[in-house]
Amino acid sequence: MPSTRVFDALRLPVRFEVRSRAFGSYLDELLGCFPTALEAESVFEVRPAPTDDDRYALYIGEELAAEGDREVALLGPALQALNAHAARSWPGVACHAGGVAHDGNAILLPADPESGKSTLTAGLVRAGLQYLSDETVAFRPGENMIEPYPKPLSLDTGSWHLFPELEPFADLPDDDYKQDQWHVPPDAIRTGAAAGPCPARLLVFPKYVDGARTELSPIGRAEGLVELARNTFSFNERSRFALEELSRVVRELDCYRLTVGNLDDAVARVNDLVDALPRFAHG
Amino acid sequence: MADVLPSDIVADFRPARGGAVFTVELDGEAVLLDEDRNRLHHLNHTATLLWLLFDGATSLDELADELSAELAVPKGVVLSDALAVARHLGEEGLLADVESPGAERA
């Protein structure tokens, strides 16, 4: 059975086992920015569905996670399951956030789903910033250091017109892989776009509002901490630990809210913040 | 002794921080984690100052005396703020020995 390489997703070694070489090769391409690992702890397997040989099922270990009419239709569920498992396995605090970096300084973009976080992240990477993630920002325990999670960026239909050059073209039998969402490896935006681990310096909460004027507003660190906690995976399961970890990081950050009405304006605002970082914060 | 209702908090009440409440302070503002209810609360500077003084031994009237002298603000103003903060935090279930029917446990 074709298998992807074993890759390290937030220190969780994973491989996919699939039916077709073409799908396996495509997954390797999408996940190419993750570091290689030696031996998989988790195996995500695509195989015939238990009740219908003409359908396919995604298994994570022995647990059935999703079903679909075609193998490639399980691409989205497989990537979502990977995100969930990686965040759950991470020993430190992980937040639902985009992340970019410049000169070794991370800018975090926590946001609710559908707030335009991935679109803004893609725009910033296209503009020259390095890519940490568009989904999960993971803090190493006990330190202000972001562990990269360079998953393929997930662009919804509403933002495709902003990035026509990023439409995926894969050697697959049908277009299921890009019907609802484009999965874009960071290297497709710019070769070498994936960032290494780096400390957080800015916390920006983006929210897309159709027709609004793009505006950046500073907020206090306490407010920033509450918002970041709201966007933390599994916060309630170990709330005190998470709050202590997050507060240690937020103490060092400048915090803002960003209303996004226009992508280019939002990218410019964030770049202005990056340019204003004190020189001692660089590298 | 039965718990008091937030609306019954008066000047001689000695507020105490709830035992299941964890406090983080950033730039003079507090973030409170109510571990019983898994809720977060953000306090402004004034509420933070008062919260940190709610030791269960000092009445609101005594706190108002101290802060009025320290901040050079009329005692009546300080006491009014202290009562409002104590009642609000009581409603949110953050004070010991205060009944908070509106704040459900997680």
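**Strands and salt bridges: worked exercises**

**Exercise 1.** Find the bridge partner of Tyr208(A) in β15(A).

*Solution.* Tyr208(A) is partnered with Val260(A) in β15(A). Now zoom out to the strands in this predicted model: β13(A) and β15 (residues 254-260) of chain A run parallel, joined by seven bridges. β13 (residues 200-208) of chain A also pairs with β7 (residues 105-110) of chain A, again in the parallel sense, over three bridges. Over there, look for Ile107(A), which sits opposite Leu202(A) of β13(A).

**Exercise 2.** Work out which parts of the structure the salt bridge between Glu35(B) and Arg240(A) joins.

*Solution.* Start with the contact: the two side chains meet at 3.5 Å, N to O. Next, place the residues. Glu35(B) belongs to the loop between β2 (29-34) and β3 (39-43) of chain B, while Arg240(A) is in helix α6 (residues 239-250) of chain A, so the pair joins two chains. Last, check exposure: Glu35(B) is partly exposed at 30% relative accessible area, and Arg240(A) is partly exposed too, at 38%.

**Exercise 3.** Decide whether Glu245(A) is buried or exposed, and place its salt-bridge partner Arg248(A).

*Solution.* Buried means under 20% relative accessible area; Glu245(A) has 12%, so it's buried. Its partner Arg248(A), 2.9 Å away N to O, is partly exposed at 27%. The two are three residues apart in helix α6 of chain A, so about one helical turn separates them.

**Exercise 4.** Name the residues linked with Asp112(A) in a network of salt bridges.

*Solution.* Asp112(A) shares its network with Glu223(A), Glu227(A), Arg230(A) and Arg257(A). For the wider tally, the whole structure holds 27 salt bridges over all chains.

How values were computed:
Residues numbered from 1 in each chain as written. Chains lettered and ligands numbered in written order. Predicted model: local features only at pLDDT ≥ 70, side-chain atom pairs only at ≥ 80, totals over all residues. Heavy atoms only, no water. Pairing = 2+ DSSP bridges. Helix = DSSP H or I, 4+ residues; strand = E, 2+ residues; numbered from the N terminus. Salt bridge = Lys/Arg side-chain N within 4 Å of Asp/Glu carboxyl O. Buried < 20%, exposed > 50% of the residue type's maximum accessible area, 1.4 Å probe, protein only.
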